[in-house]
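Here are my notes after a look through the model, point by point. Have the structure open while you read.

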Amino acid sequence: MSTNDSSSDGLDVAAIKAEFPLLQREVNDHPIVYLDSGATSQKPQSVLDAMDRYYAEINANIHRGAYLIAERATTAVENSRAALARFLGAPSAEEVVFTKNATEAINLVAHSWGRTNLMEGDVVLLTALEHHANIVPWQQLAAERGVEIRWIPVDDEGRLDLTDLDVLLDGVKLLAVTAASNVTGALPPVRHLADAAHAVGATVLIDASQWIPHLPTDVTDWDADFVAVTGHKMCGPTGIGALWGRRELLDAMPPFLGGGSMIQNVTFDGFTPADVPARFEAGTQPIAEIVGWHAAVDFLEGLGMEAVAAHERDLTAYALRTLTERFGDDLVIHGPSTVEERGGTLSLAYRDIHPHDLSQVLDQHGVCVRAGHHCAKPLMKVLGVNATARASLYLYNDESDVDTLADALADAGDFFAF
Amino acid sequence: MAGLEDLYREIILDHYRSPRNRGELEVPPATMAEGFNPLCGDEIRVYLQVDDEVISNVRIGGQGCSISQSSASMMSTAVVGKSIDEARDVLRQFKEMMSIHEHGLDGEDAAPGDPAADQPGASGLGDLEALRGVVKFPVRIKCATLGWNTLDQALTDSSSE
């Protein structure tokens, strides 16, 4: 067993862990082993400091007051937008719209683009890997508009089964697909799917919530039309996400929420919407969260996303190897078996111990995992389970965390050995 | 610190290992209600046979974690043979046991005038007292109450027929 894997891939995990205050605490008399970054990541001190500094030094509403701190606050928000655009590989910061989270970003597309462009009989193509956030907005549209929803199925290893892709794409107006499954860790071939969808004239939306924290992102390389992301899974605060969209698509879309900031002019007779991105940013934005997200982007860029990806690939390989060697057939790890096709999201089934009971015993060891259906009930049905225990690895995890998980699993096995 | 032994009492594990009254009843004459825990996907079916206002038979179907399964199993033994009114009384007491501490976690006192709040054995719930420890694990309260909420629905259904 190893306790330090920092030498092989360039990330000094011990030093990184030291930057996260929450990872210093104990849980149930054990040092915390946080393996639920798929739900939300922990935050480095630099993100907390950036938000505190915003409130202490420049708190003012943006795009309004002509005084020093209001100018500074406005600049801080627009700097964050520019940093995020760079991080996403977006051609222009004006194509980045701040939202509450990725869910709101997808709902924005369903509302503003979908209700303009999708008519009765049009087809939206989803995949069986999707999170409810990339299912329900389309089902709402289907119920309202008579839009047809089709599904790309998954195979035994939780990868997309593209055998019948050509047939499924017939008549499709929108393909909405995750870049990384929050359950099986599978990484669908996004560029291949985008090319195939564009060939039939479809628009492509990528849910990158589970991708962007872990792997270098380039929306241009994906050739996507819309990309939804969230801040809180990538070391940023909760309550802030973004939609990136192609400029010509955003320009043609009506507003989503109506209110302050999203207008050019309002009269007693009506309103003229503002240009993008302001058109989609009604009301006072979560300014401190936008500022904190910028600090998270800086933190990740400081480490280098290539280095983060390499670290997680090595750690995922170690976890797959360790858990398989130690537990054999007693442990099922849903999803692809090789690190080339997956990220560090490990959905586990251990003997017949219910995931709730498993996570309860793990918690006694300070190990935090998610138990449940992970907001992906259609996929759970395909996998033939109602729930799994999910351990999701991130940049601050190391081999000792995986070893502790394995020890805790063994203890759970003893506890529930009837 | 609330330890595992507070949650997984021996009688709970016993009901999990050997659930009582598993199975189904023919509907009708029995009634059946289904309950879901949207957090984890657990599901429970409660079959209820009521004759002359008395619960003559109960069967439990579905699947879930040790707490939801054992709680439903213990519930089945607690209410079989009881009148509907008596069963509702047990139901009410059980849900009170599960809810008092939910408020307590927010810093409020237990409901005034309820002597059973912190006195094991005083509630008349018998073996069901073993589930009191669940309130120290708030996420699991929904597991423990799943079968009972489903019973509630089944009782309502059976009395409306």
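1. Start with strand S5 (residues 123-127) of chain A: three bridges join it to S7(A), and the two run parallel. To find the pairing on screen, look for A:Leu125, which stands opposite A:Leu175 in S7(A). Bear in mind that this is a predicted model.

2. S7(A) also pairs with strand S8 (residues 203-207) of chain A, again parallel, through five bridges. Here A:Leu174 is the residue to click on, as it stands opposite A:Thr203 in S8(A). Between these two strands the chain passes through helix H8 (residues 190-199) of chain A, making a right-handed β-α-β crossover.

3. Is strand S7 of chain A buried or exposed? Seven of its seven residues (172-178) are buried, so the strand is largely enclosed by the rest of the structure.

4. A:Leu175 turns up again in the largest nonpolar core, which has 131 residues: together with A:Ile206, A:Val227 and A:Ala228, A:Leu175 touches the most other members. The most generous contributor to this core is helix H11 (residues 287-303) of chain A, with ten residues. Both domain 1 and domain 2 of chain A put in at least three residues each. In general, nonpolar side chains tend to be buried together in soluble globular proteins.

5. A:Val227 is worth a closer look. Setting aside neighbours within four places in sequence, A:Val227 is in contact with A:Leu88, A:Ile206, A:Ala208, A:Val219 and A:Trp244. There is also a second, separate core of 38 residues, which includes B:Val58, B:Met97, B:Ala130 and B:Ala144.

6. Now the domains. The assignment for chain A gives domain 1 (6-31 + 305-415) and domain 2 (48-302), with C-alpha centres 28 Å apart. Their contact takes 24 residues from domain 1 and 24 residues from domain 2. On the domain 1 side, helix H12 (305-327), strand S14 (345-350) and H14 of chain A each give two or more residues, and H12(A) has the largest share, with five residues. That side divides into twelve nonpolar, eight polar and four charged residues.

7. Last, the contact between the chains: 16 residues come from chain A and twelve residues from chain B. On the side of chain A that touches chain B, helix H13 (355-364), strand S16 (370-372) and helix H14 (377-383) of chain A each supply at least two residues. The largest share, five residues, is from H13(A). By class, this side of chain A has five nonpolar, eight polar and three charged residues.

Technical notes
Residues numbered from 1 in each chain as written. Chains lettered and ligands numbered in written order. Predicted model: local features only at pLDDT ≥ 70, side-chain atom pairs only at ≥ 80, totals over all residues. Buried ≥ 20, exposed ≤ 12 C-beta atoms within 10 Å, placed from the backbone. Helix = DSSP H or I, 4+ residues; strand = E, 2+ residues; numbered from the N terminus. Pairing = 2+ DSSP bridges. Right-handed = clockwise from strand over helix to strand, strands pointing away. Contact = placed C-beta atoms within 7 Å. Nonpolar A, V, L, I, M, F, W, Y, C, P; charged D, E, K, R; others polar. Core = buried A, V, L, I, M, F, W, Y, C linked by C-beta atoms within 7 Å. Domains from an automatic or database assignment.
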